[in-house]
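Me: Could you take a close look at one part of this model for me? I'd like a proper walk-through of the metal site.

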Amino acid sequence: LGHNSAGYIEKLGPGVTNLKEGEPVAVFGGWGCGHCRFCRQGEEQLCNMMTWVGFGVDGGYAQYLHVPAQRHLIKLIGLEPAEAAPLVDAGLTPYRAIKKTLPYLYPGSVAVIIGVGNLGCFAVQIMKAISPGSRVIAVDVTDYSLQLASELGADYVVDARGDAADEIRQLTGEEGAQAIIDTVGIDNTLKTAATVAARKAIIVLVGVAGGTLPYSFLGLPSECVVTNSVWGSYTELEEVLALAVDGKVQARIRRFPLEDINEVLHLLDKGQILGQAVITP
Ligand SMILES: [Zn+2]
């Protein structure tokens, strides 16, 4: 387990030429075979989920992490590993999703972020950073998350304990929103996304809760695009780290020692970890 990893290089294997022992690095996690068409295109995370670190391969919940190739490591300059680790997935996944929405956005357009949890809190910051002309509406069901979204730069927050779609429609007028990122992915959030989408909008699903969205010719606004977005590429992770170095994307980290990991996971399960818990050996 553990797919958001960063640290200091302990020991180099044979043939490694561009890294030094003791250097701080982030671990790009979407490891692929390195040979297929997707890997050769730099979209290694689309190769095979079972070779992702922390999924099919032992991950970063450990004192040491074995990384099989230097192409998975990004040298950290201006960030320490504990600051970079949460960005490896929780920052990168919304970043890739938001990049898909950029062709649909313009000054004055509306982007809706559904769910301000571990991914959504980065989504709000990234959207404001890379599409500063867009108005960001953040949707959640807890006072804490709605307050956090405001602090992170959301222009409007919508409490989904009420009728979120209706409230968003009131904010966007009849036109609707040009981009919707669903970081939750249950039936209800997908329905909200479809209800508030404008014509020629894009809905990007990153939440893996398993909900479904009925699809039919007249069931969605005209020419609305629906896609999922899967983690992110090595170069996209470099871009997220660059945003973090510039202070445009920040994790709110809390450090815990490795021996407390079971307790931390328990707290996470109960929703009692606010911000990003970072396990340090
Ligand atoms: Zn491959």
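Reply: Sure. This is a predicted model, where local features need pLDDT of at least 70, side-chain atom pairs count only at pLDDT 80 or more, and totals for chains, interfaces and linings use all residues. Residues are numbered from 1 along each chain as its sequence is written, and side-chain values use heavy atoms, with hydrogens and water left out.

On to the zinc ion. Its protein donors are the SG atoms of Cys33, Cys36, Cys39 and Cys47, which sit 2.3 to 2.4 Å from the ion. A donor here is an N, O or S atom within 2.8 Å of the metal (3.2 Å for Na, K and Ca); water is not among the atoms, so sites may look incomplete. Along the sequence, the zinc donors follow the spacing C-x2-C-x2-C-x7-C.

As for geometry, the angles among the 4 donor atoms run from 105 to 115 degrees, making the zinc site tetrahedral. That label asks for four donors with all angles between 85 and 135 degrees. For reference, the ideal angle for four tetrahedral donors is 109.5 degrees.

How covered are the cysteines? Take Cys33 and Cys39. Cys39 has a relative accessible area of 9%, so it counts as buried, while Cys33, at 38%, is partly exposed. The cut-offs are under 20% relative accessible area for buried, over 50% for exposed and partly exposed in between (1.4 Å probe, protein chains only).

For a bit of contrast elsewhere, helix α4 (residues 120-130) has 8 of its 11 residues buried, among them Cys121 and Phe122. Helices here are DSSP runs (H or I, at least four residues), numbered from the N terminus.

How values were computed. Tetrahedral: all angles 85-135°; square planar, octahedral: opposite > 155°, others 65-115°. Helix = DSSP H or I, 4+ residues; strand = E, 2+ residues; numbered from the N terminus.
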